[in-house]
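Student: Please pick one residue and take a close look at it. Then work outward from there to the rest of the chain.

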Amino acid sequence: MTRGHRPGAPGAPPLEFTSFYEAHFHRLAVQLYAYLGDHAEAQDLTQEAFCRVLERWDRISTYDDPSAWVRRVAWNLATSRLRRVRTAVRHLARQREEHVPGPGPDRVALTAALAALPANHRRAVVLHHLAQLSVAEIADTLGAPEGTVRSWLSRGRAALASHLTDRQEAHGA
């Protein structure tokens, strides 16, 4: 039964459904737990089966054995869940692991130099040189005048050049 619902309250399940749920939920959840090996998943699937019963309670309550219907639905849900998990595991097993070499020293140096720039300069340099946007496009994107973007580009390039030149000199290149 959904939390917060009292039998007989407006929107609450019928009393006979509540009794049916209380009588069968635990036993069915234990069966699914033994089948799936996952307690939370077993409870979720059992709850889903009972929700489906509740939607059709007017009809299912007339069956000779409504618990057989809910049991069948719960077991079908559990079997479907196991199939999906197996399919996912097989798919993952077929995926090749790709080993990608780490960034080279030049890329590390460029990334460090870019990180040292003020944010506006860095954005302008990246958008112009990597995204290949024009000064007008950058100005529109950043909501800044074109003259300001040209200034950021000029200052950013100068700072990058200085940073990268200092690095080369420090490493004897």
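Tutor: W75 is partly exposed, with a relative accessible area of 28%. On this scale buried means under 20%, exposed over 50%, and partly exposed in between, computed with a 1.4 Å probe and protein chains only. The model is predicted, so local features need pLDDT (the predictor's confidence in each residue, from 0 to 100) of at least 70, side-chain atom pairs count only at pLDDT 80 or more, and totals for chains, interfaces and linings use all residues. Residues are numbered from 1 along each chain as its sequence is written, and side-chain values use heavy atoms, with hydrogens and water left out.

The C-alpha atom of W75 is 9.8 Å from that of A42, 33 residues away along the chain. A42 is found in helix α2 and is buried, at a relative accessible area of 0%. Leaving aside residues up to four places away in sequence, A42 touches A29, L32, Y33 and L36; such a contact means heavy atoms within 4.5 Å.

Helix α2 is one of eight helices in the chain, which has zero strands. Helices (H or I, at least four residues) and strands (E, at least two) are DSSP runs, numbered from the N terminus.

Now the rings. The structure holds ten aromatic pairs. Rings of Phe, Tyr and Trp (its six-membered ring) pair if their centres lie within 6.5 Å; planes under 30 degrees apart are stacked, those over 60 are edge-to-face and the rest are tilted. F17 and W57 form an edge-to-face pair, with 5.2 Å between centres and 80° between planes. Since F17 lies in helix α1 and W57 in helix α3, this pair ties together parts 40 residues apart in sequence. F17 is buried at 3% relative accessible area, and W57 counts as buried at 6%. Y35 and W75 form a tilted pair, 4.7 Å centre to centre with 45° between the planes. Y35 lies in helix α1 and W75 in helix α4, so this pair also ties together parts that are 40 residues apart in sequence. Y35 counts as partly exposed, at 33%. Ring pairs also link F17, F20, Y21, F25, F50 and W57 into a cluster.

F17 and F20 appear again in the largest nonpolar core, which has 20 residues; F17, F20, F50, V53 and V70 have the most contacts inside it. A nonpolar core is a set of buried Ala, Val, Leu, Ile, Met, Phe, Trp, Tyr and Cys residues joined through side-chain atoms within 4.5 Å. At least two residues of this core come from each of α1 (15-36), α2, α3 (57-60) and α4 (66-94). Helix α1 gives the most, with eight residues. Another core, of 14 residues, lies apart from it, with A113, A124, A144 and W152 among them.

One loop residue remains. Q132 lies in the loop between α6 (119-130) and α7 (135-142). Q132 is exposed at 66%, and has a positive phi of about 55° although it is not a glycine.

As for confidence, the chain averages a pLDDT of 87, with 89% of the residues scoring at least 70. Over residues 1-9 pLDDT stays under 50.
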